[in-house]
Amino acid sequence: MNEFSRRGFLGLAGAAGVAGLSACAGTGTAPSSGAGGGSSNTIEFWSNHPGNSKPVEQQIIKAFEAANSGLRVKLVDAGKNYEEVAQKFNASLAGGQLPDVVVVSDVTWFNFALNKQLAPLDDLLSAAKIDTSDYVDALYNDYNLDEKHYALPFSRSTPLFYYNKDLWKAAGLEDRGPKDWDEFLTWAPKLKAAAGSDTIVMELPDGSNYLDWVFQNIVWGYGGAYSKEWTPTFSDPNTVKAGAYLQDLAKKGFLKLSKDPAPDFTAGIVGCSMMSTGSLGGVTKDAKFAVGTAFLPGDGNCPTGGAGVGIPASLSDERKKNALKFIEFLTNAQNTVTFTQATGYMPVRKSAVELPEEKAFLEKNPNAKTAIDQLPKTRSQDNVRVLLPGGGARIGKALDQIVQGQDVGTVFKALDAESQQVFDSQIKSKLGA
Amino acid sequence: MQSPETVPPDEPRHGAGAPAPVGPPPRRSSGRAWEWTLAALLLLPNLVLLIVFTYRPLLDNIRLSFTDWNISSPIANPVGLANYIEWFGRDDTRVVVRNTVVFTVATVGISMALGLGLALLLDQRLRGRNLVRSVVFAPFVISGAAIGIAFQFVFDPQFGLVRDLLTRVGVTSPDFYQQSGWALFMVTVTYIWKNLGYTFVIYLAALQGRRADLDEAAEIDGASAWARFRRVLMPQLRPTTFFLSITVLLSSVQVFDIINVMTRGGPAGNGTATLVYQVYQETFVNQRAGYGATVATIMFVILLAVTVVQVRFMDKGQRS
């Protein structure tokens with residue numbers, strides 16, 4: 001009896017344990033339909049508070065509620081990053097309560113739009129007589145699929161070239177960023193000599209932490225690309241050249257990858273890096289040396305990034321109308337200035353930089369002005385990184401392998417094949433559907 | 001003639017010589033029905049919860065594993081065995097399975113061995129042992145995400161505690177985040193540290209319930225300490241060891257938070273990715289929930305097989 005009990009108990013416990021474990025991948029495919037629950041007078045805003053923006057989001061919400069009596073906004077912590085917000089939104093699509101407004105990143109919006117889970121905003125914008133021409137064109141057009149827009153820009157960023165001015169001076173370099181990556185290669189030995197053995201010339205985020213985002217600048221600088229429209233072009237000689245350049249920097253000891261270069265740069269043990277404009281506030285505040293910022297090397301080779309805000313497709317018309325009213329308020333010229341000054345993200349309205357408070361802010365913070373001045377030189381990212389499911393992680397993995405010394409041509413050839421296969425199996429049949 | 005003493009006192013007495021039954025006839029069958037009803041009523045809530053939250057999702061997951069479901073799509077098309085064929089044919093499967101095996105074997109083996117060692121030590125009458133017991137157990141109740149964040153400072157290649165200690169003895173610290181082998185070592189050590197309190201406390205409870213007289217008898221017979229440990233103590237701890245081997249195995253295979261916080265499965269994409277991380281990666285990052293369900297189903301089959309083998313092995317050992 002004793003033996004049976006133990007065996008039975010353990011067997012059942014084990015079976016339940018492994019069964020529970022295997023039930024974690026997904027639970028159903030119930031299509032979302034109807035109005036998605038919720039009240040039409042309460043706008044539920046799902047955000048990850050990019051750039052620690054919760055206080056400023058609350059401030060804007062308070063102003064919105066004061067200006068729109070009868071409407072309330074409920075700010076929901078939907079995750080600690082864009083991916084977690086997307087996961088929560090996916091879960092709600094399978095039958096839970098939908099948000100009215102949801103933060104969608106440059107990488108996550110497309111899959112929702114392609115599967116008709118985000119509402120196209122064009123008709124709603126026309127009906128509400130909202131002038132979209134004031135949105136920065138490059139940022140507004142990032143959410144375009146089949147001539148329809150599925151989100152409006154909110155917490156948008158670009159990478160900047162950050163450098164340690166003191167090290168630059170010690171190396172005898174001009175106080176500016178490199179014109180292109182060939183020039184940087186001529187600077188690197190001087191920086192290395194001036195830096196000493198404890199300082200790293202350049203540190204970039206690794207492949208698990210958006211190296212694939214900033215590396216686009218190097219690829220474009222050498223005339224390559226991740227893709228042309230939907231055709232992967234990793235095996236293009238110019239893309240391979242950029243990969244070889246990255247590997248060469250690492251082999252010569254000029255480049256190191258890390259989870260997050262910001263703390264190392266701020267601590268003064270890294271000479272330069274490419275990081276988001278969203279890091280600007282923290283770096284400037286904490287660094288004990290003169291921080292310089294510059295355009296990314298090359299001309300017109302800066303990728304856009306960050307996130308926008310969208311509306312679920314299956315909400316009622318009334319809720320969509322209220323949601324758009326809130327989005328318009330959240331991203332109007334005045335509030336984009338409030339948001340950008342608190343976080344370091346880009347103003348998403350053209351007219352924002354003409355406001356007196358923004359002019360005064362930029363005068364006081366020349367590094368923030370670098371990001372604004374670079375904005376006209378930005379370029380939408382290549383499809384296989386931002387629109388292909390898992391594109392960023394796939395490219396990041398390949399770049400890690402290249403930095404670790406694997407053959408560039410072989411790695412990129414495999415990446416071409418893998419990306420093409422993902423496009424064929426997951427995207428091709430849905431385009432234009 | 002049957003002696004009245006040979007009849008159990010609670011058996012009804014019939015036949016010659018037995019006194020006539022007094023009162024209503026015994027209600028054995030209705031009593032049994034009531035017992036069954038009571039058992040069913042008591043089991044029902046848990047059974048319903050298991051069916052709704054464990055077995056139904058399990059079956060649903062198996063169904064999804066034969067589809068191409070994109071997690072954002074309301075449609076899932078059947079693809080037959082294509083996902084399974086793909087998993088067995090992919091290059092990264094080998095890496096992910098190897099990572100899972102290394103991580104699981106190391107965490108199960110080391111956390112059980114260290115847990116037993118600490119339990120033996122802290123079972124002694126030592127000053128301050130209650131405080132030390134609490135300190136050893138505490139990490140087990142801290143969330144994996146919090147531990148993952150804290151251990152980033154331990155293993156940071158520039159400012160970490162490990163680097164500092166190694167530098168003091170003239171050893172160059174490896175880059176735990178960029179070298180796959182070291183990254184797997186880092187998450188394994190972190191998880192062992194978190195889980196040690198669990199194996200420790202279970203072993204300690206077992207030690208406190210053991211028969212001390214057997215040990216004393218063996219000592220009087222002249223058995224060495226090692227012989228007493230192997231021949232007297234370990235057989236008594238066998239059920240506990242078996243219980244721990246199953247529960248630690250299952251929890252180790254499910255580790256996600258520490259890996260996600262510390263390495264996001266990297267470096268080089270899958271340097272520390274285990275099967276459960278692959279489920280997440282495929283489902284939520286690559287949007288292939290159908291394929292993610294396939295990996296989860298394969299993991300289920302593997303773990304079920306391992307658990308059955310463990311149960312049989314233990315059963316056989318017990319019989320012998």
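## Exercises on a predicted two-domain chain

A:Val102 stands opposite A:Gly310 in strand E15(A), where strands are DSSP runs of E with at least two residues and helices are runs of H or I with at least four, numbered from the N terminus. The model is predicted, so that local features need pLDDT of at least 70 and side-chain atom pairs count only at pLDDT 80 or more, while totals for chains, interfaces and linings use all residues. Residues are numbered from 1 along each chain as its sequence is written, and chains are lettered from A in the order in which they are written.

**Exercise 1.** Describe the surroundings of strand E3 (residues 101–105) of chain A.

Step 1: E3(A) pairs with E15 (residues 305–310) in the antiparallel sense over four bridges, and with E1 (residues 42–47) in the parallel sense over two bridges; two strands count as paired if DSSP finds at least two bridges between them.

Step 2: On the E1 side, A:Trp46 stands opposite A:Val102.

Step 3: Five of the five residues of E3(A) are buried, so the strand is largely enclosed by the rest of the structure (buried: 20 or more other C-beta atoms, placed from the backbone, within 10 Å of the residue's own).

Step 4: In a regular strand the side chains alternate between the two faces of the sheet. Here A:Val101, A:Val103 and A:Ser105 lie on one side and A:Val102 and A:Val104 on the other, and both faces are covered.

**Exercise 2.** Work out the strand order and the edges of the five-stranded open sheet of chain A.

Step 1: The order is E11-E8-E12-E7-E13, with mixed pairing.

Step 2: E11 (255–258) and E13 (291–294) each have a single partner strand, so one side of each is left without a neighbour in the sheet.

Step 3: E7 (residues 159–164) and E13(A) pair in the antiparallel sense over four bridges, and the bridge partner of A:Asn164 in E13(A) is A:Val291.

**Exercise 3.** Characterise the contact between the two domains of chain A.

Step 1: Domain 1 comprises 42–157 + 305–354 and domain 2 comprises 159–303 + 380–430, with bounds from an automatic or database domain assignment.

Step 2: Their C-alpha centres lie 29 Å apart, and 16 residues of domain 1 are in contact with 15 residues of domain 2 (contact: C-beta atoms, placed from the backbone, within 7 Å).

Step 3: On the domain 1 side, helix H4 (residues 109–114) gives the most, with three residues.

Note on methods: Two residues are in contact if their C-beta atoms, placed from the backbone, lie within 7 Å. A residue is buried if 20 or more other C-beta atoms lie within 10 Å of its own, exposed if 12 or fewer, and partly exposed in between; C-beta atoms are placed from the backbone.
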